[in-house]
Amino acid sequence: MTHPSPHLPYGTPEAPRIAVRGEAVLDVDPEIARLGVTVIARGTDRRSALEDLTRRNAAVLDLVKSYGDAVEQLETGSFSVSPELGKHGRGERVRAYQGQVRLTAELGDFTALGELASRLATLELTRVDGPWWGLRPASPAYAKARRRAVEQAVERAREYAAALGSDLVALLELADEGAEDARPYAAPAPGMMRSAYGAGAPEGIPPLDLEPQRQTVRAAVLARFTMSPPAL
């Protein structure tokens, strides 16, 4: 019966193994920006609260959609209408009803971002958070970082082999560092502005000057090679 050859993690004298790590860190311009919008309404009865919330939510949607292709995505995250109970007296007595809608707008056109943020902030009982800068999931920056990480791993392995008077012979393995968590990481940027709930919509308000925050993209790989016998 033939038994498989035992695993030799350190190679052999005839084919020594080199294990290296390659890493790349890129600073790139953001591709998208997200704004969080929260609309609230409060009324003495459920119907009036819901009607006000519906009207204000429609105003936000109409405003955001008026920017056309500059807005790449618009999503409603949550909706709620809940009673507020009185603090005094016996029993469960409803004092008022409060409604809330949360939305997220994603823009790829930063020239419209500041103006939209300013206009949203002036709407009645509307809160604006953000922007949060980021990259698209299929951004070329991720592939560029991966390529650079591989190139660095090969360069490092060659340097080690050359220091021993040797050359690389074959690639044994190439893997993302922490293979289950393989996609390069773009550090999230913190929100740059927060506007409280407004009471009116003043005319002629200037657009906010929002400077895009550069994104950090990282990639790391582990590579194993064999090399020719060194000249020791």
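**Asking why: helix 2 and its surroundings**

Mentor: The buried residues of helix 2 are Leu113, Gly114, Leu116, Ala117, Ser118, Leu120 and Ala121. We are looking at a predicted model, where local features need pLDDT of at least 70, side-chain atom pairs count only at pLDDT 80 or more, and totals for chains, interfaces and linings use all residues. Residues are numbered from 1 along each chain as its sequence is written, and side-chain values use heavy atoms, with hydrogens and water left out.

Trainee: What makes helix 2 mostly covered?

Mentor: In helix 2, 7 of its 9 residues are buried. Buried means under 20% relative accessible area, exposed means over 50%, and partly exposed is in between, with a 1.4 Å probe and protein chains only. Helices are DSSP runs of H or I with at least four residues, strands are runs of E with at least two, and both are numbered from the N terminus.

Trainee: Next comes Thr122. Why is Thr122 called buried?

Mentor: Thr122 has 10% relative accessibility, so it counts as buried. You will find Thr122 in the loop between helix 2 (113–121) and strand 5 (126–134).

Trainee: What does the side chain of Thr122 reach?

Mentor: The side chain of Thr122 reaches the backbone oxygen of Arg119 at 2.8 Å.

Trainee: And Leu125, why is that one called partly exposed?

Mentor: Leu125 has 27% relative accessibility, so it counts as partly exposed. Leu125 also lies in the loop between helix 2 and strand 5, and its phi is near 45°, a positive value in a residue other than glycine.

Trainee: Moving on to strand 5, which peptide bond is cis?

Mentor: The bond from Gly130 to Pro131 is cis, with omega near -5°. Pro131 has its place in strand 5.

Trainee: Let's turn to helix 3. How do you know that Arg148 is partly exposed?

Mentor: The value for Arg148 is 41% relative accessibility, so it counts as partly exposed. Arg148 is found in helix 3 (residues 140–163). Together with Lys144, Arg146 and Arg147, Arg148 forms a positive surface patch.

Trainee: What are patches made of?

Mentor: They are made of residues with over 30% relative accessible area and no salt bridge; like charges are joined within 9 Å, and nonpolar side chains (Val, Leu, Ile, Met, Phe, Trp, Tyr) within 5 Å. A salt bridge is a side-chain nitrogen of Lys or Arg within 4 Å of a carboxyl oxygen of Asp or Glu.

Trainee: One last residue: why is Glu51 called partly exposed?

Mentor: Glu51 has 45% relative accessibility, so it counts as partly exposed. Glu51 lies in helix 1 (residues 46–65).

Methods:
Accessible areas come from the Shrake-Rupley method with a 1.4 Å probe; for residues, only the protein chains shown count as cover. Lys and Arg count as positive and Asp and Glu as negative; His and the chain ends are not counted. The place of a charge is taken as NZ of Lys, CZ of Arg, CG of Asp or CD of Glu. A polar contact is a pair of N or O atoms within 3.5 Å; within protein, one must be able to donate a hydrogen and the other to accept it, and residues adjacent in sequence count only if both atoms are side-chain atoms.
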